[in-house]
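Work through the exercises below with the model open. Try each task before reading its solution.

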Amino acid sequence: MKIATFNVNGVNGRLPRLLEWLEEARPDVACLQELKTSDATFPEAAIRDAGYGVLWHGQKGFNGVAVLARGTDPIESRRGLPGDAADTQSRYLEAVVDGVVIASLYLPNGNPQPGPKFDYKLAWMERLIEHAATLRDCGAPVVLAGDYNVVPTDAVADIYSTRSWKKDALLQPESRAAFERLQAQGWTDALRALHPDAPLYTFWDYLRQRWQRDAGLRIDHLMLNAPARERLQAAGVDKAVRGREKASDHAPAWVVIS
DNA sequence: ATGCCATGGACACCATGA
């Protein structure tokens, strides 16, 4: 089973690129983020025509997450993270496909930092850690896939250079500490586990020729609980997708579990 | 400190992103 995560940065504007990637990569499950569309304007028909069942949680203008499953309808298990009834941002959608629990998550960016947006990011991470504790032991393989908006380390394997990013929310010690606590709870960073030293960038800013210079960041992750980790066969980034016309600023990342 | 690029909303300028 191939499970992928892809921040599309606008699902309607990106639809030709998304369909092209689904056709060539043929993921069994695709978690999308940054739909930037309301529920009513989500391109359901085009995605079903491509052979995918789909769940989505949209939001007008911003955010928005979806779970696609090839040849079947994902079964929804949760819409929105628990822990804050006042949170209206569409950033978490969880489903079961073929006995595997899969979440599509879009963690808050958190800039500018410090400030209320950074506070929201850290609070959201606490809620994620709390919910992940219950998922970890649910008995099924679980994959938490998405745009975490956290660069795990300063190593060149995670970021081309920290010079322009030192004050960015993606690199702050508080963001990293929360990400590390999620891992310590029993979640494996699948791409890094299989490729300990390789650069695995998933985001290249549109600004300043960052794609052309391969000035990337690793911020999209697939986190696996122990039953999923035991079945992990392969993992990678579809880097070429970022180099196309009208590309998202993110590339898809994926795992294969047996 | 700012602009650099891109998306989408409800406009031909703004909010947001990372």
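**Exercise 1. The cavity**

What volume does the largest cavity have? Find its lining and classify the residues there.

Solution. The model is predicted. Start with the count: the structure holds one cavity of 30 Å³ or more. The volume of the largest cavity is about 40 Å³. Next, list the lining: L107, M125, L128, I129, Y148, A178, F179 and L182. Then turn to the elements. α3 (116-136) and α4 (173-184) are the ones that give two or more residues to this lining. Finally, classify. The lining of the largest cavity has eight nonpolar residues, no polar and no charged ones.

**Exercise 2. The pocket**

Describe the largest pocket by volume, central residues and lining character.

Solution. Take the volume first: about 480 Å³ for the largest pocket. Its lining counts 22 residues, and Y106, P108, N109, G110 and N149 are the closest to the centre. Now sort the lining of the largest pocket by type. Seven residues are nonpolar, eight are polar and seven are charged.

**Exercise 3. The DNA strand**

Which residues come nearest to DNA strand B? Then locate polar contacts to phosphate and to base.

Solution. Step one is the neighbourhood. There are 22 residues around DNA strand B, and E34, Y106, N109, F203 and R208 come nearest. On the DNA side, sugar and phosphate make up 64% of the strand B atoms that come within 4 Å of the protein. Step two is the character of the protein surface near DNA strand B: seven nonpolar, seven polar and eight charged residues.

Step three is the contacts. Use a cut-off of 3.5 Å between N or O atoms.

- G13 places a backbone N or O atom 3.1 Å from a phosphate oxygen of DNA strand B.
- K117 has a polar side-chain atom 3.3 Å from a phosphate oxygen of DNA strand B.
- N109 has a polar side-chain atom 2.8 Å from a base nitrogen of DNA strand B.

**Exercise 4. The aromatic cluster**

Which residues form one aromatic cluster with W204? Give the geometry of its pairs and the accessibility of its members.

Solution. The structure holds five aromatic pairs. Y201 and W204 make one of them, with centres 6.4 Å apart and 75° between the planes, an edge-to-face pair. Continue from W204 to W211. Here the centres are 4.9 Å apart and the planes stand at 85°, so this pair is edge-to-face too. Y201, W204 and W211 thus belong to one cluster.

Now check accessibility, with buried meaning under 20%. Y201 has 7% relative accessibility, so it is buried. W204 has 0%, so W204 is buried as well. W211 has a relative accessible area of 22% and is partly exposed.

**Exercise 5. Backbone details**

Where are the cis peptide bonds from N111 and Q113 placed, and which non-glycine residues have a positive phi?

Solution. Begin with omega. The bond from N111 to P112 is cis, with omega near -5°. The bond from Q113 to P114 is cis, with omega near 0°. P112 sits in the loop between β7 (100-106) and α3, and P114 is found in the loop between β7 and α3 as well.

Then look at phi. R208 is not a glycine, yet its phi is positive, about 55°. D214, not a glycine either, has a positive phi of about 55°. R208 lies in the loop between α5 (190-194) and β10 (220-224); D214 also lies in the loop between α5 and β10. Last, compare accessibility. R208 is exposed at 60%, whereas D214 is partly exposed at 31%.

How values were computed: Residues are numbered from 1 along each chain as its sequence is written. Chains are lettered from A and ligands numbered from 1 in the order in which they are written. This is a predicted model: local features need pLDDT of at least 70, side-chain atom pairs count only at pLDDT 80 or more; totals for chains, interfaces and linings use all residues. Side-chain values use heavy atoms; hydrogens and water are left out. On a 1 Å grid over the protein atoms alone, a cavity is a set of points where a 1.4 Å probe fits but cannot get out, and a pocket is an open set with protein on both sides within 12 Å along at least five of seven lines; lining residues have an atom within 4 Å of a point. Grid points are joined across faces, edges and corners, and a volume is the space filled by probe spheres set on the points. Ala, Val, Leu, Ile, Met, Phe, Trp, Tyr, Cys and Pro count as nonpolar, Asp, Glu, Lys and Arg as charged, and the others, Gly among them, as polar. A residue is near a molecule or strand if one of its heavy atoms lies within 4 Å of it. A polar contact is a pair of N or O atoms within 3.5 Å; within protein, one must be able to donate a hydrogen and the other to accept it, and residues adjacent in sequence count only if both atoms are side-chain atoms. Helices (H or I, at least four residues) and strands (E, at least two) are DSSP runs, numbered from the N terminus. Rings of Phe, Tyr and Trp (its six-membered ring) pair if their centres lie within 6.5 Å; planes under 30 degrees apart count as stacked, over 60 as edge-to-face and the rest as tilted. Buried means under 20% relative accessible area, exposed over 50%, partly exposed in between (1.4 Å probe, protein chains only).
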